Amino acid sequence: MQNLYVHVCIATLQDIQKHDGMDLVNWNEITPLKLRRSMTLGELKELLIRDRMVNTNDHNLVALWKCVNRQNNTVRPVGLLANGDVNRSLGDVVRESFGFREKMLGRDDVIKIFVEQLDNPAEIDNTILLFFKHYQPLKAPHLQTVATLHVPNTEKIGHLLDWMRNYLKAHDGEEIAMFEEVSAKCITTLDPSHRFVDVDMELGGDIVTFQKVLGPAQIAERFSALTPEEIATLPFGGKPIENAKDYYSYICRGY
């Protein structure tokens with residue numbers, strides 16, 4: 001007899017913002033929901049609204065993104081569940097996701113979903129979904145996902161700079177660096193003159209890490225304000241990790 005239920009892990013932007021490591025979120029820290037396979041995606045949206053997992057009462061402003069395991073051991077969104085058809089069921093999603101393995105599914109086989117709250121349903125049309133991590137080298141170096149944006153995949157990457165400058169409150173003369181977090185061991189520098197389609201980001205679900213580039217004088221000035229106790233808590237005995245690529249290398253080594 002086919003199992004009448006399916007386990008679903010649902011990550012919100014708040015879950016992702018609390019995660020300070022690689023990828024988008026630690027899925028093992030998200031408690032799976034046991035839901036009926038007959039539940040439609042429209043009913044799932046209503047459940048999320050009722051349980052306040054989204055801050056809206058309009059199901060048209062709730063987007064359900066299917067997340068899959070990539071070959072490089074990351075988990076990223078690849079598209080809307082059932083192409084956004086709210087009348088499709090979770091059972092349909094299971095069949096499309098697991099195929100011939102459907103009847104052998106166990107508790108560890110879960111549907112991973114990123115739930116996004118939209119400002120306007122039209123913003124997902126002909127665009128790709130990107131996640132943005134801000135690297136803060138001072139005081140304590142850390143990464144944090146701060147936003148999602150929808151952009152045309154034919155747009156130049158440099159189109160993002162205005163948004164980043166506004167977020168960082170950066171002046172026109174201050175340099176901003178951008179990187180793509182492809183995987184734990186593959187962090188690439190993004191060229192603003194390239195289009196997303198030119199760097200294999202045309203499908204979306206990718207992570208863009210950005211930071212304000214600090215000069216030696218700025219770093220020295222900010223570190224001079226730290227107490228010895230604060231410096232002792234920093235990596236490498238207080239030596240600055242000036243850019244995101246070096247910080248990724250640092251956390252890859254397991255601190």
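Reader: In which sense do strand 6 and strand 10 pair, parallel or antiparallel?

Author: This is a predicted model. Strand 6 covers residues 128-136, and strand 10 covers residues 206-212. Five bridges join the two strands. Their pairing sense is parallel.

Reader: Which residue of strand 10 does His-134 stand opposite?

Author: Strand 10 spans residues 206-212 and pairs with strand 6. The residue of strand 10 that stands opposite His-134 is Phe-210.

Reader: What is the order of the five strands in the open sheet?

Author: Strands of a sheet pair through backbone hydrogen bonds, either parallel or antiparallel. Here the pairing is mixed. The sheet is open, and its strand order is 7-6-10-8-9.

Reader: Which strands are the edge strands?

Author: An edge strand here pairs on one side only. One of the two covers residues 142-151, and the other covers 186-189. They are strand 7 and strand 9.

Reader: By how many degrees are neighbouring strands of this sheet turned against each other on average?

Author: Direction is ignored for this value. It is an average over neighbouring strands of the sheet. The turn is 30°.

Reader: At what angle does helix 4 run to strand 10?

Author: Helix 4 is made of residues 161-168. It lies across strand 6, strand 7, strand 8 (176-183) and strand 10. Its angle to strand 10 is about 55°.

Reader: What angle does the direction of helix 7 make with that of strand 7?

Author: Helix 7, residues 244-252, packs on the sheet. It touches strand 6, strand 7, strand 8, strand 9 and strand 10. With the direction of strand 7, the angle is about 120°.

Reader: Is Thr-145 buried or exposed?

Author: Thr-145 has its place in strand 7. Leaving out residues up to four places away in sequence, it touches Ile-16, Gln-17, Phe-132 and Lys-133. Its relative accessible area is 1%, and buried means under 20%, so Thr-145 is buried.

Reader: What share of the 255 residues in the protein chain is buried?

Author: The chain has seven helices and ten strands. It exposes about 13900 Å², with carbon and sulfur atoms supplying 47% of that area. Buried residues make up 45%.

Reader: How many Å apart are the mean positions of the positive and negative charges?

Author: The C-alpha trace spans about 65 × 35 × 35 Å along its principal axes. The protein chain carries 28 positive and 35 negative charges. Their mean positions are apart by 6 Å.

How values were computed:
Residues numbered from 1 in each chain as written. Predicted model: local features only at pLDDT ≥ 70, side-chain atom pairs only at ≥ 80, totals over all residues. Heavy atoms only, no water. Helix = DSSP H or I, 4+ residues; strand = E, 2+ residues; numbered from the N terminus. Buried < 20%, exposed > 50% of the residue type's maximum accessible area, 1.4 Å probe, protein only. Areas by Shrake-Rupley, 256 points an atom, 1.4 Å probe, with all protein chains shown as cover. Lys, Arg positive; Asp, Glu negative; His and termini not counted. Charge placed at Lys NZ, Arg CZ, Asp CG, Glu CD. Pairing = 2+ DSSP bridges. Axes fitted to C-alpha atoms, helices over the stretch in contact; angles between N-to-C directions. Contact = heavy atoms within 4.5 Å.
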